[in-house]
Each structure stands twice: as structure tokens, then as C-alpha cells.
Amino acid sequence: MKLLCAGRDIPEGQSRGLELDGRNLIAIRRDGQIYIYQNRCPHRGVALEWHEHQFLDPSASLIQCATHGALFLIESGECVAGPCEGQSLTAIACHEDQDGIWIISNDNA
């Protein structure tokens, strides 16, 4: 496992862009749970954020791609609206404890 950040770095209902081992990631906390995805839209392979650390739609209930407005479920990464509907963001296995948020790495990643 590799430490990504402190738990307090991702407040409830917010998102943050992070980098670990050359991979651009998105971290989102919703209902106390942390979700981590690669920061890459499955439609065009572009980064998702509108501005630094801004990945969520105005209601903060969905991840939104700034390039073409695709909407993704926070809990699964599945695209529910837009040109990549039915595809998903790449989820990154993670674990949170008192020391922080950890990426559960595998040697092939």
C-alpha cells in the first residue's frame, strides 16, 4: 500500500486531484466513504476537472467531465449521461485508516 494523502485532505462532499507514482487521480468523499479513480475520461482520455480540484457537478452528486459534460456516479464511476454512457472511470482500490488514505497497489499498476 502507498499513502496517498491525509484523510482530512478530502472533506465530506468534496473532490481533489492528486498524483501518485505518475498517475493522476481523483479522490472524492461522499457519505464518509472515499472513492478514488484515474483522472481520465473514458470517452477522449482527457482529464476531467473544470478547475483545480473541481470534478463534481453543481449539485456535488455526480462527477462531471469538463470537456463534454459526461456524468459519472461517484460510487461506481459508471457514466450515466454523455457520449461515454455505459462506460466507467477506472476505479483505484483504496483503504482509509487513522494514518490517511492508502492506495492498494499492485506491481503491474
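Which residues is Asn39 in contact with, leaving aside its neighbours within four places in sequence? That was my starting point today. I kept in mind that this is a predicted model.

**Entry 1: Asn39**

I listed the contacts and got Asn24, Leu25, Ile26, Val46, Ala47, Leu48, Glu49 and Phe55. Next I checked where Asn39 sits: it lies in the loop between β4 and β5.

Is Asn39 buried or exposed? I found a relative accessible area of 10% for Asn39. The cut-off for buried is under 20%, so Asn39 counts as buried.

Then I looked at what the side chain of Asn39 does with its polar atoms. One of them lies 2.8 Å from the backbone nitrogen of Leu48. The side chain of Asn39 also makes a polar contact of 2.8 Å with the side chain of Glu49. I noted that Leu48 and Glu49 both appear in the contact list above.

**Entry 2: the whole protein**

I stepped back to get the overall layout. I counted 9 strands and 0 helices, so to speak a plain string of β elements from the N terminus on: β-β-β-β-β-β-β-β-β.

How does the radius of gyration compare with the globule rule? I read 13 Å for the protein, close to the 13 Å that the rule gives for 109 residues, so the protein is as compact as a globular protein of that length. I also boxed the C-alpha atoms along the principal axes and got roughly 40 × 30 × 20 Å.

Of the 109 residues, 37% count as buried; Asn39 is a buried residue too. The protein exposes about 6,100 Å², and carbon and sulfur atoms supply 43% of that. I looked at contacts with a separation of 6 or more as well: residues 24 or more positions apart account for 41% of them.

**Entry 3: the sheet β2-β3-β4**

I followed the strands that come before the Asn39 loop. Three of them form an open sheet in the order β2-β3-β4, with antiparallel pairing. The edge strands are β2 (15-20) and β4 (33-38), and each pairs on one side only. Neighbouring strands here are turned by 30° against each other on average, direction ignored.

I zoomed in on β3 (residues 23-30) and β4, which pair in the antiparallel sense over 6 bridges. Which residue in β4 stands opposite Arg30? I found Gln33 there.

**Entry 4: the sheet β5-β6-β7**

On the other side of the loop I found another open sheet of 3 strands, in the order β5-β6-β7, again antiparallel. β5 (62-64) and β7 (79-81) stand at the edges with a single partner strand each, so one side of each has no neighbour in the sheet. I got an average twist of 40° from one strand to the next.

Strand β6 (residues 71-73) is joined to β7 by 2 bridges, and the two run antiparallel. I wrote down one pair: Leu71 has Ala81 in β7 as its bridge partner.

**Entry 5: β8 and β9**

I finished at the last two strands. How many residues lie between β8 and β9 in their hairpin? I counted 2. Strand β8 (residues 94-97) pairs with strand β9 (residues 100-103) in the antiparallel sense over 4 bridges. One partnership I checked was Asp97, whose bridge partner in β9 is Gly100.

Notes:
Residues numbered from 1 in each chain as written. Predicted model: local features only at pLDDT ≥ 70, side-chain atom pairs only at ≥ 80, totals over all residues. Heavy atoms only, no water. Pairing = 2+ DSSP bridges. Axes fitted to C-alpha atoms, helices over the stretch in contact; angles between N-to-C directions. Buried < 20%, exposed > 50% of the residue type's maximum accessible area, 1.4 Å probe, protein only. Polar contact = N/O pair within 3.5 Å; in protein donor to acceptor, adjacent residues only side chain to side chain. Contact = heavy atoms within 4.5 Å. Rg over C-alpha atoms; globule rule 2.2 N^0.38 Å. Areas by Shrake-Rupley, 256 points an atom, 1.4 Å probe, with all protein chains shown as cover.
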